[in-house]
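Load the model in your viewer and keep the selection box handy. Each stop below gives a selection and what to look for there.

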Amino acid sequence: MMPAANAVSPAPPAPLLDVCAATVRFGGIHALTEADFAIARGSVTALIGPNGAGKTTMLNAITGMVPLTSGDIRLDGADIAGLPPHKRAAAGVVRTFQNLEVFTSMSVLENVMAGRHALTRYTVAASILRTPGFRRAEAACREAALDCLEFVGLADEADTPAGDLPYGKQRLLEMARALAADPKLLLLDEPAAGLNSKETARLGDLIRAVCDRRHVTVGLVEHDMELVMAVSDHITVLHFGHPLAAGTPDAIQANPEVIKAYLGEDE
Ligand code: ATP
């Protein structure tokens, strides 16, 4: 049967992450001013903008590393703006950083298990006595970490000291460690920085696979426009701490204000 002409279309699904009117000031510097930023569940959503536009500050505000001066941050409808970073991570918000943050003297596998340990429940006494419960939890942690290494293509390097991996593989290791924490929302801060074009293309495939195959929603801050346009479902453009435009990659690329403010820089 045809729907009635005046049928009300269903409301769009609530975003997984909803940042409303976020303002962050550092003394006299307004890093973010009343900035809205939403990430739809099951999407790869990019946040782009010129240097100093406030992208990293937005990620820091979402993860609790800098406090909001004012505004609101909701994850799955729950207010997380007042939570400390570890509680936001426990709620499912996990990030990687612009600069490499791997533990170079630990093995690749140990690095990923470290990302999983917050989810592993046992007491200090159980770990000292190596109780059956502790050994079961460690085995499950190891298995989950190996699965993440397999996913990023580093399973063969599990026992290699992380510091011996080439730079591009250390970046993949960071992704595996973040995935090991079982995020609902994975925030990637300039993951392509320092990668060559082949590594960047592989990273793009991996970001899509994180979203499409592991069903983890991705927020991406990135300067490599080719990568952003290739992997993103939606893009928000920040300019001087405030959103300038939001839309599909095609709409963003065709937006004259965006071209003037940002993409035009390269032309
Ligand atoms: P980039 O692309 O260069 O990484 P960005 O878009 O991530 O830039 P932010 O790093 O968020 O921009 O910086 C936004 C503004 O806030 C800049 O003017 C920056 O100098 C300032 N800022 C960021 N962090 C701090 C801080 N901890 N203290 C003072 N000012 C800061």
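**Stop 1: the largest cavity**

The largest cavity holds about 60 Å³ of space. This is a predicted model, and a search of the whole structure finds one cavity of 30 Å³ or more.

Select Thr96, Arg171, Leu172, Glu174, Met175, Leu188, Pro191 and Leu203 to show the lining of the largest cavity. Colour that lining by class: five residues are nonpolar, one is polar and two are charged. Now highlight helix 6, which gives the largest share of this lining, four residues.

Why does the largest cavity lie between domain 1 and domain 2? Both domain 1 (12-92 + 183-267) and domain 2 (102-182) give residues to its lining, so the cavity sits between them.

**Stop 2: the second largest pocket**

Next, select Val152, Pro166, Gly168, Lys169, Leu172, Leu195, Lys198, Glu199, Arg202 and Leu203. These residues line the second largest pocket, whose volume is about 190 Å³. Leu172 and Leu203 appear in this lining and in that of the largest cavity.

Which helices each supply at least two residues of this pocket's lining? They are helix 6 (167-180) and helix 7 (197-212). Helix 7 gives the most, with four residues.

Colour by class again: the pocket lining has five nonpolar residues, one polar and four charged. Domain 1 and domain 2 both give residues to the lining, so the second largest pocket also lies between them.

**Stop 3: Gly194**

Select Gly194, in the loop between strand 7 (185-189) and helix 7. Is Gly194 buried or exposed? Gly194 is exposed, at 64% relative accessible area.

Add Tyr167 and Glu199, which Gly194 touches when residues up to four places away in sequence are not counted. Glu199 is also one of the residues lining the second largest pocket. Then draw a distance from the C-alpha atom of Gly194 to that of Asn99: the separation is 9.9 Å, for residues 95 apart along the chain.

**Stop 4: Thr63**

Finish at Thr63 in helix 1 (residues 55-63). Thr63 has a relative accessibility of 6%, so it counts as buried; the cut-off for buried is under 20%.

Show side chains. That of Thr63 reaches the backbone oxygen of Leu59 at 2.8 Å. Then add Pro85, Arg88, Val93, Arg95 and Leu187, the residues Thr63 touches, leaving out those up to four places away in sequence.

Terms used
Residues are numbered from 1 along each chain as its sequence is written. This is a predicted model: local features need pLDDT of at least 70, side-chain atom pairs count only at pLDDT 80 or more; totals for chains, interfaces and linings use all residues. Side-chain values use heavy atoms; hydrogens and water are left out. Buried means under 20% relative accessible area, exposed over 50%, partly exposed in between (1.4 Å probe, protein chains only). A polar contact is a pair of N or O atoms within 3.5 Å; within protein, one must be able to donate a hydrogen and the other to accept it, and residues adjacent in sequence count only if both atoms are side-chain atoms. Contact means heavy atoms within 4.5 Å. On a 1 Å grid over the protein atoms alone, a cavity is a set of points where a 1.4 Å probe fits but cannot get out, and a pocket is an open set with protein on both sides within 12 Å along at least five of seven lines; lining residues have an atom within 4 Å of a point. Grid points are joined across faces, edges and corners, and a volume is the space filled by probe spheres set on the points. Ala, Val, Leu, Ile, Met, Phe, Trp, Tyr, Cys and Pro count as nonpolar, Asp, Glu, Lys and Arg as charged, and the others, Gly among them, as polar. Domain bounds come from an automatic or database domain assignment.
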